[in-house]
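Please look over the sequence and the model below before reading on. The text is meant to be followed with the structure open.

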Amino acid sequence: MKLNIKNETGRLRSVVLGQPNSMGPVPTLEESYDAKSYYSIEHNMYPKEADIINEMNAFEAVLKKYDVEVLRPSIIKDYNQVFARDVAFVIDDKMIISNVIADRADEQEAYKKVFEKVAWRKIINLPETAHIEGGDVIVWDDFLFIGTCFSEDYRSYKTARTNEYAIEILKEYFPKKRIIDLELKKNDKVPYEGILHLDCTFNPIGKDKCIIYKDGFVDESDYRLIIDIFGEENCFHVTAEEMFEMFPNIFSISPEVVVSDKTFTRMNNHLRNEWGMTVEEIPYREISKMGGLLRCSTMPLVRE
């Protein structure tokens, strides 16, 4: 397979979609590793496996409608494998294997068949202390936006997934990219007060537009930089409640077509009526209760 990811919206040809089967029991509060899951467990609303399967089947049907090759990881018994984005990610023609948090380390075994499709010289294995997950990495032509946490308390946050060392290594591998690190607010227990990954607060769509939540960044200057790059008129701003519902985390099949949650009425209407996009609406409410949505569920491999 010839990997090719130059940006977030080029016509999608091949993607890995996460695996909803054999989720196992509802985790305890201590076992949760993101604030939204913690909230869902605490409020006795953690999703049921049958509902997750239905939602991911709906997503797969839309992808296949647009002739996208859909690969799936092998099933690990009693293990959450919904969010494929963080296991590995592609920049240009290279696949970077993430150093995920310990709670998710076993997940990568299930991707062996996917990794075997990629030429070994195109796979980058990072040093053990370089932490990064795909949800924090947004490829946008010459830009590489990376969400991170510079806090001295980095190691104490389960929601801090990408560190400075990993960013420095990516700079060595991709010297021609303009790498922009964006510090995200972190909170392990209150989803309104922290951002798990960059794609939960910022996501480019179309050819020159983006969805953004202003208060997800530690420094307003990071937010302002994104506005300067895309232009105010090309940015759809979401509210705190919409961020909580995961509005930024939709998924592009092409510059003209996005897949979105059918309950995101305000944004979906804007994308259609103001920006002329095709919005494929599916139910994805249950999966959102685990701290991720459509982009989180995918690992794009080939875009035109």
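The paragraphs below go through a sheet, the helix across it, the nonpolar cores and one serine.

The model is predicted. A convenient place to start is an open sheet of three strands, ordered 2-1-15, with mixed pairing. Strand 2 (69-71) and strand 15 (298-303) are its edge strands, each pairing on one side only. On average, neighbouring strands of this sheet are turned by 20° against each other, direction ignored. Strand 1 (residues 12-17) and strand 2 run parallel and are joined by three bridges. Within this pairing, serine 14 has glutamate 69 of strand 2 as its bridge partner.

Helix 2 lies across strand 1, strand 2 and strand 15, and runs at about 165° to strand 1.

The largest nonpolar core has 64 residues, and Leu63, Phe145 and Phe202 are those with the most contacts inside it. Helix 2 (residues 49-65) gives the most to this core, with six residues. A second, separate core has 18 residues, among them Ala110, Val114, Phe115 and Val118.

What is phenylalanine 202 in contact with, leaving aside its neighbours within four places in sequence? The contacts are Ile138, Phe145, Cys210, Ile211, Ile212, Phe217, Ile226, Phe230 and Pro248.

The last stop is serine 288, which is in helix 8 (residues 285-288). Is serine 288 buried or exposed? Serine 288 counts as buried because its relative accessibility is 2%, and buried means under 20%. Apart from neighbours within four places in sequence, serine 288 is in contact with Lys36, Glu245, Met246 and Leu293.

Methods: Residues are numbered from 1 along each chain as its sequence is written. This is a predicted model: local features need pLDDT of at least 70, side-chain atom pairs count only at pLDDT 80 or more; totals for chains, interfaces and linings use all residues. Side-chain values use heavy atoms; hydrogens and water are left out. A nonpolar core is a set of buried Ala, Val, Leu, Ile, Met, Phe, Trp, Tyr and Cys residues joined through side-chain atoms within 4.5 Å. Buried means under 20% relative accessible area, exposed over 50%, partly exposed in between (1.4 Å probe, protein chains only). Helices (H or I, at least four residues) and strands (E, at least two) are DSSP runs, numbered from the N terminus. Contact means heavy atoms within 4.5 Å. Two strands pair if DSSP finds at least two bridges between them. Axes are lines fitted to C-alpha atoms, for helices over the stretch in contact, and angles run from 0 to 180 degrees between N-to-C directions.
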